[in-house]
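Q: Please take a close look at one part of the surface of this model, and then place that part in its wider setting.

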Amino acid sequence: MEAENHTILSQFFLLGISEDPELLPVLFGRFLFMYLVTVLQKLLIILAVQKGLLSSVMYTVVTPMLNPFIYSLRNRDIKSALRRIHRRTA
């Protein structure tokens, strides 16, 4: 006995996301774009690690970006606001 495929559908549908058939290619394009962006980011990280660029990026970009946040934590108003937020969520 040979296995056979008896499906009627000949197209791929993103069922459950949208009922509008004109919107399905747009949604599919968005999902494909998000996937390709993540793959590209991973490849760039691998290349940066291999060339030693990741440490230089961390020191030249990430640290200066975090400095205002770190120094704002020394402010009493910011500390009290963060404590109030933490109490509300806990």
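A: What follows begins with a charged patch and then moves outward to the whole chain.

The model is predicted, so that local features need pLDDT of at least 70 and side-chain atom pairs count only at pLDDT 80 or more, while totals for chains, interfaces and linings use all residues. Residues are numbered from 1 along each chain as its sequence is written, and side-chain values use heavy atoms, with hydrogens and water left out.

Arg-74, Arg-76, Lys-79, Arg-83, Arg-84, Arg-87 and Arg-88 form a positive surface patch (residues with over 30% relative accessible area and no salt bridge, like charges being joined within 9 Å; a salt bridge would put a Lys or Arg side-chain nitrogen within 4 Å of an Asp or Glu carboxyl oxygen). One of these residues, Arg-76, lies in helix H3, which covers residues 76-89 (a helix being a DSSP run of H or I with at least four residues). Arg-76 counts as exposed because its relative accessible area is 72%, the cut-offs being over 50% for exposed and under 20% for buried, with a 1.4 Å probe.

Helix H3 belongs to a protein with three helices and zero strands, arranged along the sequence as α-α-α. Helix H1, at residues 24-51, has 28 residues and spans 41 Å from its first C-alpha to its last, close to the 40 Å expected at 1.5 Å a residue. Leu-24, Leu-27 and Ala-48 are buried in H1, and just after this helix Gly-52 adopts a positive phi of about 80 degrees. Over the whole protein, 6% of the 90 residues count as buried, and carbon and sulfur atoms hold 66% of an accessible surface of about 8,900 Å².

Technical notes. Patches are made of residues with over 30% relative accessible area and no salt bridge: like charges are joined within 9 Å, nonpolar side chains (Val, Leu, Ile, Met, Phe, Trp, Tyr) within 5 Å. Accessible areas come from the Shrake-Rupley method with a 1.4 Å probe; for residues, only the protein chains shown count as cover. Lys and Arg count as positive and Asp and Glu as negative; His and the chain ends are not counted. The place of a charge is taken as NZ of Lys, CZ of Arg, CG of Asp or CD of Glu. Helices (H or I, at least four residues) and strands (E, at least two) are DSSP runs, numbered from the N terminus. The expected span of a helix is 1.5 Å times one less than its number of residues.
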